[in-house]
Amino acid sequence: MMEFFEANKDIILFTGVAAVKLAAFLGAVMGFAGIMTLAERKVSALMQDRVGPNRASVFGFAFNGLFQPAADGIKMILKEDFMPARAEKLLFTLAPFFALVPVLLLFAVIPFGDYFMASGYMVELQIADLPLGLFLILAVSGLAIYGVFLGGWASKNNFALLGAMRGAAQMVSYEVVLGLTLAGLMMIYGSASLQDMVRAQGRLLFGFVPAWGVVCQPFAFVLFLTAAIAENKRTPFDLVEGESEIIGYFMEYSSMRFATFMFAEFVEIILVAMLTATLFFGGWQVPYLYDTGFMFPGGALLPLGHHLVAALQVGAFAAKTVFFCWFLLIVRWTLPRFRFDQLMGLCWKALLPLSLLNILATGAVLTFLAR
Amino acid sequence: MISVKKVNNKPLNLLERIYLYEIARGIAVTTRHFFANLFNPKGLPTIQYPEQPVPLYGNARFRSRHRLKVRSDGSPKCVACFMCQTACPAYCIHIEAAEYQENSVEKYPAVFNIDLARCVMCGMCVEACPEDAIAMDTEEIPGGAADRTEFLMTKESLLRNRPGEPSLKGAANRLANEYLGSRGEQ
Amino acid sequence: MPTITIDGKSIEVEKGTTLLAAAQKLGIYIPRYCYHPKLSISGNCRMCLVEVEKAPKLLTACSTEAAEGMVVRTTSDKVKAARRDVLEYLLINHPLDCPICDQAGECGLQDYYMDYSLARSRFSMADKVRREKRRPIGPNLVLDNERCILCTRCVRFCSEVTKTSELEVMNRGDHSYIDLKEGKALDNGYSLNIADICPVGAFTSRDFRFKQRVWFLKRTKTVCLGCATGCLVEAHHNENVIYRLVPDPNPETNTWLCDHGRLTYKALQAGDRLKKGVIKNGLIELEPALREAATRIDEARGAVAVMGSPWLSIEDNAALARLARDSVKTGDYCFDFNFEQGIKDGILINKDQAPNTAGVRPVKAAYGGISMGELAGRIASGKIKLLLTEARAAALLKDALKDSGTRVVVFAANRGEIPAGAYATLPYAAYFETPGTFINYQGLRRRTTPPVAAPEGVKPLWDVVNKLASYSGASLGLDSGDDALKGISF
């Protein structure tokens, strides 16, 4: 027994650490997604001068609606699980998973910290540091279209199918823009690994400005955010399924199947928030914070222990994520919806040329600087 | 003839066509509300209805939850004439009549139910009542119950007087007045 | 044959016709309280005053005979004023009892006030004459003398129709009131008719008292099955409950309705109404009861007798005959009932208490069968092991069944009808709940129209018989009551 451990120590350790990281990170993400369902309603309520849900209570304690996600979950589970008689049974069942699983997969490549030293071992604070992480994101997020389209098609409902077609057209179009906006970043940082890109953002420009993506690529930031919201199918781009106004691909879904679609949407918000933070706002980077502590531009030093630094970095990443989640909610509840022709026009006639221009300009600047 | 209104929409200027500035302005508005309400939730106009009573205007014509008036001997003024049930457009009143053995009024409601879940608060029952026995002046607004059965008002929950009652003002029933007089109650 | 003109329309009428009857023929309605077509003319209410040309004063239409060349006006200002004034007089002492008065909704005072008066009373409430209220009078009526307008319809009904003369107008002038004659009680078998003919709420029914407001009631014309007279009635019902029966006057059979007939509907709502089967003394569900009855019939095959009943409709008797002939396959069935028929008391009540004695005859004509005497003999001699019949008909064979050891399976609607010692009882829908055809003592065909639905699970008798046959393995093919009537001529 002991020999087996000794012989395979590295593999066992690697697997164990990966499992712990996976459980911790995904657990945090899923828990946060549950809170997001409440946050969406609370944020929208507050900005509309309402109170929002505050009635779900356990033994008379409501905690201002904190039990609402649990109550919603119980309700969803207890509801009738209805499937149309003529639906494609297998695909109808699989579609919600096609919507949720690719999104969850993407959290593997997102670095939520730098590294962490524990009893001599260095633990990367990222589930898998893939050299081509950015491409994985683009590739896997493309799979989410299957969830939309299979859901609409397997329902055997004409309106669901129309919604699915709208959804597929919208997602395919905006994926192009999404990919092209990220090209500029890769040109600047010279890597497609997200960890590398975050580390590169720790540099300073002109001695005091952090070299965050938003500073280097402000234009790409706006394009990316727009395209990401569109990928996420949320207002102002919710033409796929617009709550009570536009019936969409999951109109035949009920119970937990429907909840899975909705949950995927909230997980996707978190993903977009994390990607935005990672690519454009320095990820886990805190300005002027290095391995040994703060080093301010004026020369002032504030030495900090390793554990404190790691905690600060993870905390910074979490704070940035929460901020962008909130920001996405605010955007969703502020802006009115586009028309479908406006949506497609915006993509192909505005965002796509602009993202190409952005690549051109980035290339020109890089060439100029290299000379 | 369809009336046509010509609208002269102002063409958007460049800044507006770029959207971003306008979007930022919109987000500024919502964000301002968000934080104002987040840090000062007391400022929200929402009333937590069933727990937090709504201040009413005290208007004489205001219609609130029903009540059945009570005579000075504790019997309901209602004589179960079924006029309210007849007048009710929502079919929410259910009456079963019974006979007094002693009281010279002869008739009283053994069952008098109002299903507030059905009631449309139109006040027709009050208009129809020949005995001035039903009133909608409790200043309680029905609603906000977790169970349908909570909306069912029975005779017991409807019978009540306001301060200063019973008064004989508006009482039409000679038989009741005679009966109360014979018992020394007026 | 005098010819008269009423409101510009001319009509030739028989000599002796009153103006009110002549106007009715022309479709002109003249308001009336004391007039009733089947009672003598009294002329005391003055509501039917009409203007006759060359007559110095207004004349009562109900008591004035038509004479050649009369010109009558019923809508002139003079007549209108007279009606308004008569109503004012009648209402002077009328109490404001409408909320607690059962007559409200079908009250002559309310109706005519709305049609002809609409005047405010000029007399104060305090000056009204007080009289005895709420006086139970007889087993079926309540008298409220304050509401009475002294039209004397009730007095005339008692002296002319029932000829018992219990009621009289006591005192004179504005002291007059209706009272019982000394030593009499208002307990003749027709007293509830007084509640009907009373145009106001003075006489009200004790049975109907405060049960329901009349404007909620729906009306269904059907037949009274209290005896062989077969009076036509109107059932007043609401939300699947019958509240009262009133006569549906017709020239052939009845103007009135006896108290017994009026209360026959109560059997439907009685506590002993059968909604399930009974085996010996225990209630069981209908299906197992049917199965049990069918098993017993199969067991006794060859020694089963079936008897029809004069209390059942022609359909149900025919279904029983079909069961005997096609399913049980016995020759021992009896549809032979000979009761003496005819009006017993000179008014309505028949010597024959069963409603359909005449209706069983065509069933006998179509299916034959043995006589009642023969059946009784066979039962007494122990040849019959099981008798299937209707509960009240089984009582006819009480003597023969005693000590014979015959099992009795009966159909009954109420538990009180079940004869002592019955083995099994199957419920069936009464004829207020299902249509049935009857023939009354005059040979007139009467078909009931069900005003209400049977309790859940309870089926018409022909349907129960059909099921019984199918449990024994035979198909009678009865899908409706009309199927059972096939092959029977009446």
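Chain C meets chain B through 9 residues of its own and 14 residues of chain B. By class, the chain C side of that contact holds 6 nonpolar and 3 charged residues, with no polar ones. Keep in mind as you read that this is a predicted model. Among the 2 pairs of chains in contact, it is chains A and B that share the most contacts, while no contact joins chain A and chain C.

**How the chains meet**

- The closest C-alpha atoms of chain A and chain C lie 31 Å apart.
- On the other side of chain B's partnerships, 12 residues of chain A are in contact with 13 residues of chain B.
- Two elements of chain A, α2 (9-47) and α11 (306-334), each give two or more residues to the side that touches chain B.
- Of the elements on that side, α11(A) gives the most, with 4 residues.
- The chain A side that touches chain B is made up of 9 nonpolar, 1 polar and 2 charged residues.

**α11 of chain A against α2 of chain B**

- Helix α11(A) packs with helix α2 (residues 20-39) of chain B at an angle of about 110°, and their axes are 10 Å apart.
- That angle makes α11(A) roughly perpendicular to α2(B), and the crossing is right-handed.
- From α11(A), the residues making the contact are A:I330, A:V331, A:W333 and A:T334.
- Facing them from α2(B) are B:G26, B:I27, B:T30, B:T31 and B:F34.
- Sorted by class, the residues of this helix contact are 5 nonpolar and 4 polar, with no charged ones.

**α2 of chain A against α2 of chain B**

- The helices α2(A) and α2(B) pack at an angle of about 100°, with 7 Å between their axes.
- Here, too, the angle makes α2(A) roughly perpendicular to α2(B).
- The α2(A) residues in this contact are A:V43, A:L46 and A:M47.
- They meet B:T30, B:H33, B:F34, B:N37 and B:L38 of α2(B).
- If you are following individual side chains, B:T30 and B:F34 are worth a look: they are listed in the contact with α11(A) and also in the contact with α2(A).
- The contact of α2(A) with α2(B) divides into 5 nonpolar and 3 polar residues, and no charged residue takes part.

**Domains of chains B and C**

- For chain B, the domain assignment gives domain 1 (13-46) and domain 2 (67-162).
- The C-alpha centres of these two domains of chain B lie 51 Å apart.
- Chain C is divided into three parts: domain 1 (3-85), domain 2 (96-213) and domain 3 (277-485).
- In chain C, 25 Å separate the C-alpha centres of domain 1 and domain 2.
- The contact between those two domains of chain C takes 12 residues from domain 1 and 14 residues from domain 2.
- On the domain 1 side of that contact in chain C, there are 6 nonpolar, 4 polar and 2 charged residues.

**A small sheet in chain C**

- Chain C has an open sheet of 3 strands in the order β6-β7-β10, with antiparallel pairing.
- Strands of a sheet pair through backbone hydrogen bonds, either parallel or antiparallel.
- The edges of the chain C sheet are β6 (135-137) and β10 (203-205); each has a single partner strand, so one side of each is left without a neighbour in the sheet.
- From one strand to the next, the twist averages 35°.
- Strand β7 (residues 141-143) of chain C is joined to β10(C) by 3 bridges, and the two run antiparallel.
- One residue to find in this pairing is C:L143, whose bridge partner in β10(C) is C:F203.

**Backbone details to check**

- Most residues other than glycine have a negative phi, and most peptide bonds are trans.
- In chain A, a cis peptide bond joins A:T235 and A:P236, with omega of about 5°.
- A:P236 lies in the loop between α9 (218-231) and α10 (255-280) of chain A.
- In chain B, B:E139 has a phi near 55°, which is a positive value in a residue other than glycine.
- You will find B:E139 in the loop between β4 (134-135) and β5 (152-153) of chain B.

How values were computed:
Residues numbered from 1 in each chain as written. Chains lettered and ligands numbered in written order. Predicted model: local features only at pLDDT ≥ 70, side-chain atom pairs only at ≥ 80, totals over all residues. Contact = placed C-beta atoms within 7 Å. Nonpolar A, V, L, I, M, F, W, Y, C, P; charged D, E, K, R; others polar. Domains from an automatic or database assignment. Axes fitted to C-alpha atoms, helices over the stretch in contact; angles between N-to-C directions. Parallel < 35°, antiparallel > 145°, perpendicular 65-115°, else oblique. Left-handed = near helix turned anticlockwise from the far one by under 90°. Pairing = 2+ DSSP bridges.
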